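User: I would like to learn how to read the features of a protein model, taking them one at a time. Could you walk me through this one?

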Amino acid sequence: MIPAAQVAARLTVVLCVRWSGLAMATGFALRGRWVEAAVSMLVALAQVVSWRSRLPCAWEVATSLTCLLAAISSFLLLYEKFSWWDVPVHAALTGLLAVLVTRLLAGPFPAPRRIVLTGAGLAIVWELMELAGHHWVDSTVNVAPADTVSDIAAGVTGSVLAALLWRRRYRPDRTAPGS
């Protein structure tokens, strides 16, 4: 049996993670930084969806924190400072979101193939959103062909890794996820 203090500590961490995107959005909105507030609301949306979809706790926290990391990296201009930084972020975030989206659409035990295909679709949509952002929000968003190809490749790679991890841990032939 897990001690009550440990359960309380875990619950506190999970609650802080679940509400971090909304807290960040509120802070930016109060300062009139509307683009940052909008991006933070996307983080909050992913956090709510991963929580309400009953994603396993470790996957929920990983998804929430990776969304937060991606947004904060943008705010701190890490993508501009470190040309390689977007590759691991694209891989991790696309893989985690592919599991989340596929699980929502295909049920609690999605096939790894579906996770990879969903991740490929998400990677392409992500790049289209970057292109739209470049044209309508911020012309400094990098949309060079080499960057686009590497981002899509990273997203697909992340989706393959996430599908393998998901399959290894959560399979329908087990009585309960993670058992």
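User: How far apart are the N and O atoms where the side chains of Arg 18 and Glu 60 meet in a salt bridge?

Analyst: A salt bridge is a side-chain nitrogen of Lys or Arg within 4 Å of a carboxyl oxygen of Asp or Glu. In this predicted model, the side chains of Arg 18 and Glu 60 form such a bridge, with 2.6 Å from N to O. Arg 18 belongs to helix α1 and Glu 60 to helix α3 (residues 57-75), so the pair ties together parts that are 42 residues apart in sequence. Helices here are DSSP runs of H or I with at least four residues, strands are runs of E with at least two, and both are numbered from the N terminus.

User: On what footing do the residue numbers and the model's values stand?

Analyst: Residues are numbered from 1 along each chain as its sequence is written, and side-chain values use heavy atoms, with hydrogens and water left out. Because this is a predicted model, local features need pLDDT of at least 70 and side-chain atom pairs count only at pLDDT 80 or more, while totals for chains, interfaces and linings use all residues.

User: Are Arg 18 and Glu 60 buried or exposed?

Analyst: The words have fixed limits: buried means under 20% relative accessible area, exposed means over 50%, and partly exposed lies in between, with a 1.4 Å probe and protein chains only. By that rule Arg 18 is buried, and so is Glu 60.

User: How many salt bridges does the structure hold?

Analyst: The structure holds two salt bridges. Besides the pair already described, Arg 33 forms one with Glu 36, where the closest N and O atoms are 2.9 Å apart. Arg 33 has 38% relative accessibility and therefore counts as partly exposed, whereas Glu 36, at 18%, counts as buried.

User: Which residues make the nonpolar surface patch?

Analyst: A patch is made of residues with over 30% relative accessible area and no salt bridge, where like charges are joined within 9 Å and nonpolar side chains (Val, Leu, Ile, Met, Phe, Trp, Tyr) within 5 Å. The areas come from the Shrake-Rupley method with a 1.4 Å probe, and for residues only the protein chains shown count as cover. Here Leu 11, Leu 15, Trp 19, Leu 22, Met 41, Val 48 and Trp 51 make a nonpolar patch of about 610 Å². The elements that give two or more residues to this patch are α1 (4-30) and α2 (34-52), and α1 gives the most, with four residues. Met 41, found in helix α2, is partly exposed, with a relative accessible area of 40%.

User: What does Ser 50 touch, leaving aside its neighbours within four places in sequence?

Analyst: Contact means heavy atoms within 4.5 Å. Ser 50, also found in helix α2, has a relative accessible area of 0% and is therefore buried. With those neighbours left aside, Ser 50 is in contact with Leu 55, Glu 60, Thr 63, Ser 64 and Leu 100.

User: What surrounds Thr 94, and what does its side chain reach?

Analyst: A polar contact is a pair of N or O atoms within 3.5 Å; within protein, one must be able to donate a hydrogen and the other to accept it, and residues adjacent in sequence count only if both atoms are side-chain atoms. Thr 94 is found in helix α5 (residues 86-106), and its side chain reaches the backbone oxygen of His 90 at 2.7 Å. The relative accessible area of Thr 94 is 1%, so the residue is buried. Not counting residues up to four places away in sequence, Thr 94 touches several residues, including Gly 119, Ala 123 and Ser 159. Ala 123, whose place is in helix α6 (residues 112-136), is likewise buried, at 3%.

User: What is notable about phi at Arg 54?

Analyst: Most residues other than glycine have a negative phi. Arg 54, although not a glycine, has a positive phi of about 60°, and it lies in the loop between α2 and α3. At 65% relative accessibility, Arg 54 counts as exposed.

User: What is the mean pLDDT of the chain, and where does pLDDT stay under 50?

Analyst: pLDDT is the predictor's confidence in each residue, from 0 to 100. The mean for the chain is 91, and 96% of its residues reach 70 or more. Over residues 175-179, however, pLDDT stays under 50. Where pLDDT is low, the predicted coordinates should not be read in detail.
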